[in-house]
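Here's a quick walk through some helix packing, a cavity and a couple of backbone oddities. Have a look at the structure first, then read on.

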Amino acid sequence: MTEEEIKKTVFQLLQRIAPETDPSRLMPEENIREVLNIDSFDALQFIVSISEKLNVDIPEEDYGKTSNLKSLLAYLEKKVKK
Amino acid sequence: MIKFQMPNLGADMEAGTLVEWRKQTGELLHRGDIIADVETQKGLIEIEVFDEGTLEKLLVKEGEKVPVGTVLAFINDGKADVSESTTPEEEVPKQEIHPIEDRVETPHEKIEEGERIKISPLARKIAEANHVDISLLKGTGPEGSIVKKDVEEAISEGEKPTQEGEKKTEESKEIPAKPSTANANAMRMAVAAAMSKSNREIPHYYLEKRMDMSKAMDWVKETNKERPIQKRLLPVALLIKAVAKALDEVPDLNATWENGLQRKNEINIGFVVSLRSGGIVVPAILQTDSKTVDQIMETINDLIPRARAFKLRSSELSQSTFTITSIGEGGADKVFGLIYPPQVGIVGFGEISEQPFAEDGMLGIRPIVDVTLAADHRATDGLIGSRFLAALNKHLQNPEEL
């Protein structure tokens, strides 16, 4: 899976949770949850769906790395390559 | 003979529109069966029956809007009823006395004249909400009519990620099931009505207690470590369970105020779910006290998406005995709730955040949550409320026993 494909999947899943927003407009270091107004429950659903879609395990202690696009994409790329 | 009435699904509900009968005359009904779909300000609600019997007669037509309490149908439970022979005659005119408010006009008359599309009212409603063009659908219902299933299939097909390039994704961005402005407006008015009533009629008193969440958060973390991601817990599941246990100890708060304090046997905690389009829905976690923390989490996982999609059942909207509102991560430190009448209390959890906390002469940094209780002063006094918060705190310090 290429970097571009991971990004696309992330945007798709974010869009499903926050349908009225445009995740592709997120700046790399903006807090995703704050900007898209995602609550704790939906944040968990997002992590569940991303782990299922990319077939990676995201332990709870890594949740912090999913807070902005830059760190989330870097984290996922590393995980997918493994 | 049992009279099946338009249920009251909350303090803010005055009327509902019977959208679709799910059962036909002559069908056998069991407790918990869904008999009809009713449209309210909170969306389309599945109405359950609480009796056993045969559906004898339907009194309200699909598409009719009737006040709460209107008899919708007769259910024959086999019990001899003295007034059985007279009831139907008595009831039918009674219904005409109830002014049937603005009858729901089907805005699709035009299409029907032109193309004669056979579609059930429920299917039409869902199609409308999701912008599905019904003229493109093939019906699988009786006489080829389009039913709910057909529309839902069309929607899920539309959601499948298309490989055909960007254009399609661009288009589908417009489609997500977003309640119309009219719906959002009705929701706003429903919240306005309930909260005005609360503020007008209920003399609230407020208490607050800071609680140390170290043990609870450690327990959640340890539990989650061993679990696949789908089975992980949110701290709120633990908070809900702790509230249920505290209510068990202070039953005066698990009650309603209706001509005096009425304690409730079941503890059904209503959980405030906010909607992205604005407004809130408060589905009940039925028999919260008898559920484990895992079961509560499963229930939340099921309830929140359904609440947001306006797909709740009548029991989930009408049976709450107490309410919890939780701000969650990244939000305000404290929340002071308004009681949902006729309940007598609401507990509010702020964000769990690291704070300086003193204990046994030592100062440390711990995850802290500020918990507030708003309670009805007609029903209880501060001492009871204070006892409740103390009990809640005690349970949160022993998470493994929850």
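In which crossing, left-handed or right-handed, does H1(A) pass H4(A)? Keep in mind that this is a predicted model. The crossing of H1(A) past H4(A) is right-handed.

## H1 against H4 in chain A

Let's fill in that pair. Helix H1 of chain A covers residues 3–17 and helix H4 of chain A covers residues 69–81; their axes sit 10 Å apart, at an angle of about 120°. Because of that angle, H1(A) is oblique to H4(A).

On the H1(A) side, the contact is made by Glu3(A), Ile6(A), Lys7(A), Val10(A) and Phe11(A). They meet Leu69(A), Leu72(A), Leu73(A), Leu76(A), Glu77(A) and Val80(A) from H4(A). Sorted by class, the residues of this contact between H1(A) and H4(A) come out as eight nonpolar, three charged and no polar.

## H1 against H3 in chain A

H1(A) also packs on helix H3 of chain A (residues 40–54), this time at an angle of about 145°, with the axes 10 Å apart. Here, too, H1(A) goes past its partner, H3(A), in a right-handed crossing.

What does H1(A) bring to H3(A)? The list is Ile6(A), Thr9(A), Val10(A), Leu13(A), Leu14(A), Arg16(A) and Ile17(A). Facing them from H3(A) are Asp42(A), Gln45(A), Phe46(A), Ser49(A), Ile50(A), Lys53(A) and Leu54(A). The class split for the contact of H1(A) with H3(A) is eight nonpolar, three polar and three charged.

## H3 of chain A meets chain B

H3(A) has a partner in chain B as well: helix H9, residues 293–308. The two pack at an angle of about 100°, and their axes are 11 Å apart. That angle is why H3(A) counts as roughly perpendicular to H9(B).

From H3(A), the residues in play are Phe41(A), Asp42(A), Leu44(A) and Gln45(A). Asp42(A) and Gln45(A) are also on the H3(A) list for the contact with H1(A). Across in H9(B), you'll find Met297(B), Ile300(B), Asn301(B), Ile304(B), Pro305(B) and Arg308(B). In terms of class, the contact of H3(A) with H9(B) holds six nonpolar, two polar and two charged residues.

## The cavity

How many cavities of 30 Å³ or more does the structure hold? Just one. The largest cavity has a volume of about 130 Å³, and 14 residues line it. Nearest its centre lie Asp12(B), Lys42(B), Ile280(B), Val282(B) and Tyr340(B).

Which element gives the most to that lining? H6(B) does, with five residues. Helix H6 (181–201) and strand S14 (280–281) of chain B each put in at least two lining residues. The lining of the largest cavity breaks down into ten nonpolar, two polar and two charged residues.

## Two backbone oddities in chain B

Most peptide bonds are trans, and most residues other than glycine have a negative phi. Two spots in chain B are worth a look with that in mind.

The peptide bond from Pro341(B) to Pro342(B) is cis, its omega being near 5°. Pro342(B) sits in the loop between strand S17 (322–326) and strand S18 (345–349) of chain B. The other spot is Asn259(B), which isn't a glycine yet has a positive phi of about 55°. You'll find Asn259(B) in the loop that runs between strand S10 (255–257) and strand S11 (261–263) of chain B.

Note on methods:
Residues are numbered from 1 along each chain as its sequence is written. Chains are lettered from A and ligands numbered from 1 in the order in which they are written. This is a predicted model: local features need pLDDT of at least 70, side-chain atom pairs count only at pLDDT 80 or more; totals for chains, interfaces and linings use all residues. Side-chain values use heavy atoms; hydrogens and water are left out. Axes are lines fitted to C-alpha atoms, for helices over the stretch in contact, and angles run from 0 to 180 degrees between N-to-C directions. Helices (H or I, at least four residues) and strands (E, at least two) are DSSP runs, numbered from the N terminus. Angles under 35 degrees count as roughly parallel, over 145 as roughly antiparallel, 65 to 115 as roughly perpendicular and the rest as oblique. A crossing is left-handed if the near helix is turned anticlockwise from the far one by less than a right angle, and right-handed if clockwise. Contact means heavy atoms within 4.5 Å. Ala, Val, Leu, Ile, Met, Phe, Trp, Tyr, Cys and Pro count as nonpolar, Asp, Glu, Lys and Arg as charged, and the others, Gly among them, as polar. On a 1 Å grid over the protein atoms alone, a cavity is a set of points where a 1.4 Å probe fits but cannot get out, and a pocket is an open set with protein on both sides within 12 Å along at least five of seven lines; lining residues have an atom within 4 Å of a point. Grid points are joined across faces, edges and corners, and a volume is the space filled by probe spheres set on the points.
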